[in-house]
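Student: I have a structure open and would like to learn how to read its helices and its core. Could you take me through it?

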Amino acid sequence: MTKKTISLENLHKKEAFICDMDGVIYHGNRLLDGVADFVNWLLTNDKQFLFLTNSSERSPRELSLKLARMGLEVSEDHFYTSALATASFLATQCPGGSAYVIGEPGLVNALYEAGFSMNDYNPDYVVFGETRSISYEKIEHAVKLVQNGAKLIGTNPDLTGPTERGIVPACRALIAPIALTTGVEPYFVGKPNPLMMRHGLKKLNISRRDAALIGDRMDTDIIAGIESELDTVLVLSGVSTVETVRQFPYRPMYIMNGVGDVLKDEIDKIEV
């Protein structure tokens, strides 16, 4: 049987690319195959690009330095995180408000810079992001604060995330004990929330028609791109497989093994 191919001519004509990071650019501290060539192609062809990540752990500067340690030089203005989107959203909702934060420095610093203060007594919000320092005591305290009226915010709705050690729990899984105990559904700011995509397009100052989104998750990246009317590219270098794609009622425009395939003139069509 002859393989069907898909031309990438229209994709190459896009002026801007919005890319997820975990599972697309790296796994943990390991740069994925084809990434260096992809970034060089973006720079050589004067493409605008933004790494739009649902991870809230690191600041843009830390993400830039992380890539530098892997041998990839990308300035910090090319990064936008769910921590920044969360801080921006809360600053419009409750200027000068306060929060009890369970998360890493990237989230705490973003909230400070947005004018928020940290408050473990009577905060306006309990804000939850990815963290490796979670404890029962923090969960117990967050439950008490939410029961007393604090609003529950999650930086992103990811259940899992890819690392060099395999798949690990992410924000939605970690915040679940608080939500289940209080009966309060958290509001998630990150993808697929349209807020995150609008922030990205605004930062690039680009029309949705001139941009494409590249991600490894059907439930956050691809649906966010579809609902924002961007062309979508699913890469199979993260959490998604051909089998998981079949579980969803929508499809990406392109399915590739990794971002290095973007440089090809055409790709084999992957049947799903």
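Tutor: Start with helix H9, whose buried residues are Met218, Thr220, Asp221, Ile222, Ile223, Ala224 and Gly225. Keep in mind that this is a predicted model.

Student: How many of the residues of H9 are buried?

Tutor: Buried means under 20% relative accessible area. In H9, which spans residues 218–227, 7 of the 10 residues are buried, so the helix is mostly covered by that cut-off.

Student: Which elements do the buried residues of H9 pack against?

Tutor: They pack against two helices, H8 (194–204) and H10 (242–245), and two strands, E14 (211–215) and E15 (231–235). Look also at the chain just after H9, where glutamate 229 has a positive phi of about 65°.

Student: H8 is a partner there. At roughly what angle do the axes of H4 and H8 cross?

Tutor: For a pair of helices, read the distance between the axes and the crossing angle. The axes of H4 (residues 82–93) and H8 come within 10 Å and cross at roughly 100°. Angles of 65 to 115 degrees count as roughly perpendicular, and H4 and H8 are therefore roughly perpendicular to each other. On the H4 side the contact is made by Ser82, Ala85, Ser88 and Phe89, and on the H8 side by Leu195, Met196 and His199. By class, these are 4 nonpolar, 3 polar and no charged residues.

Student: Why would residues spaced three or four places apart point the same way?

Tutor: An α-helix has 3.6 residues a turn, so residues at that spacing point the same way.

Student: Which way do H6 and H7 cross, left-handed or right-handed?

Tutor: Take the angle before the hand. Helix H6 (residues 136–147) and helix H7 (residues 171–182) have axes that come within 9 Å and cross at roughly 40°. That makes H6 oblique to H7. The crossing is right-handed. H6 contributes Ile139, Ala142, Val143, Val146 and Gln147, which meet Pro177, Ile178, Thr181 and Thr182 of H7. This contact has 6 nonpolar, 3 polar and no charged residues.

Student: Now a single residue. Is phenylalanine 17 buried or exposed?

Tutor: Phenylalanine 17 is in strand E2 (residues 16–19). Its relative accessible area is 0%, so phenylalanine 17 is buried.

Student: What does phenylalanine 17 touch, leaving aside residues up to four places away in sequence?

Tutor: Its contacts are Leu11, Trp41, Leu42, Lys47, Gln48, Phe49, Leu50, Ala212 and Ile214. For a pair far apart in sequence, compare C-alpha positions: phenylalanine 17 and aspartate 231 are 214 residues apart along the chain, and their C-alpha atoms are separated by 9.7 Å.

Technical notes. Residues numbered from 1 in each chain as written. Predicted model: local features only at pLDDT ≥ 70, side-chain atom pairs only at ≥ 80, totals over all residues. Heavy atoms only, no water. Helix = DSSP H or I, 4+ residues; strand = E, 2+ residues; numbered from the N terminus. Buried < 20%, exposed > 50% of the residue type's maximum accessible area, 1.4 Å probe, protein only. Contact = heavy atoms within 4.5 Å. Axes fitted to C-alpha atoms, helices over the stretch in contact; angles between N-to-C directions. Parallel < 35°, antiparallel > 145°, perpendicular 65-115°, else oblique. Left-handed = near helix turned anticlockwise from the far one by under 90°. Nonpolar A, V, L, I, M, F, W, Y, C, P; charged D, E, K, R; others polar.
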